[in-house]
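Work through the two exercises below with the model open. Each task is followed by its solution in steps.

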Amino acid sequence: MAIVGLTGGIGSGKSTVVRLFGDLGVHWVDADDVAREVVEPGTPALRTIADHFGQAILTTGGALDRARLRQIVFEDPQERAWLEALLHPIIRDELIRQLNPEQNRLPYVLLVSPLLLETDQHQLVDRIVVIDVPVDTQIERTMARDTNSRDQVERIIAAQMPREQRLAKADDVIDNNRPPEEVERNVRELHERFVVDFG
Ligand code: ADP
């Protein structure tokens with residue numbers, strides 16, 4: 001079973017494109033979802049985090065206070081390293097588990113992740129597909145989708161891998177600066193190629 005990695009910057013169209021593959025029957029896993037699942041209330045990882053940072057890292061409802069945690073690791077690289085050392089192997093194991101469906105009539109599955117190239121997640125995949133749009137499009141679409149200011153979106157983009165660097169790592173590129181029906185056709189072509197290549 002081959003694993004195809006799908007990545008791109010914020011607002012590039014990862015969620016949109018992975019749903020198009022899903023419509024063709026492709027099994028997919030979203031690394032963002034998994035990263036949230038492994039720290040849900042009751043998980044060993046959340047207990048370890050609360051032991052390390054104290055109960056103040058939890059909301060009154062007992063969930064992880066993500067904003068607080070983000071602030072701590074933003075200010076302290078050592079705490080960031082501690083957190084990553086805890087979570088990355090747990091996320092990786094859970095990704096591997098979810099990427100192996102009990103039944104799959106297709107020869108490949110998809111891992112969609114904003115951090116595919118920045119973390120060791122790229123080691124899990126056989127092929128890298130980058131969804132590409134110009135930075136202006138990224139900013140416009142993210143602002144239209146979220147309630148972030150232009151400034152906030154620009155800061156997030158600046159913290160991510162630069163467009164050219166990401167493109168240089170791509171085996172295939174999906175140009176998402178086009179009308180949805182053209183992107184859909186591109187997805188269908190890629191899918192057909194993957195079925196042959198990995199079949
Ligand atoms: P990501 O998951 O990479 O952050 P999304 O898939 O959420 O990006 O796309 C960002 C926004 O752009 C969404 O509101 C989505 O509906 C819109 N979008 C995605 N692809 C296109 C496209 N080809 N044309 C117009 N809007 C698009």
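**Exercise 1: a helix and its packing**

The buried residues of helix 9 pack against strand 1 (2-7), helix 1 (14-23), strand 3 (108-112), strand 4 (127-132) and strand 5 (172-175); contact means heavy atoms within 4.5 Å. This is a predicted model, in which local features need pLDDT of at least 70, side-chain atom pairs count only at pLDDT 80 or more, and totals for chains, interfaces and linings use all residues. Residues are numbered from 1 along each chain as its sequence is written, and side-chain values use heavy atoms, with hydrogens and water left out.

Task: find which residues of helix 9 are buried (under 20% relative accessible area, 1.4 Å probe, protein chains only).

Step 1. The buried residues in helix 9 are Val183, Asn186, Val187, Leu190, His191 and Phe194.

Step 2. They lie on the same side of helix 9 because they cover an arc of only 140 degrees around the axis, taken from the directions from the helix axis to the C-beta atoms.

Step 3. Glu181 and Val196, on the other side of helix 9, are exposed (over 50%).

**Exercise 2: the ligand**

Task: identify which polar side-chain atoms lie 2.6 Å and 2.9 Å from atoms of the ligand.

Step 1. For Thr16, a polar side-chain atom is 2.6 Å from a ligand oxygen atom.

Step 2. For Asn176, a polar side-chain atom is 2.9 Å from a ligand nitrogen atom.

Step 3. The ligand exposes 560 Å² when taken alone, and the protein buries 74% of that (Shrake-Rupley method, 1.4 Å probe).

Step 4. Helix 1 gives the most to the shell around the ligand, with three residues.

Terms used. Helix = DSSP H or I, 4+ residues; strand = E, 2+ residues; numbered from the N terminus. Polar contact = N/O pair within 3.5 Å; in protein donor to acceptor, adjacent residues only side chain to side chain.
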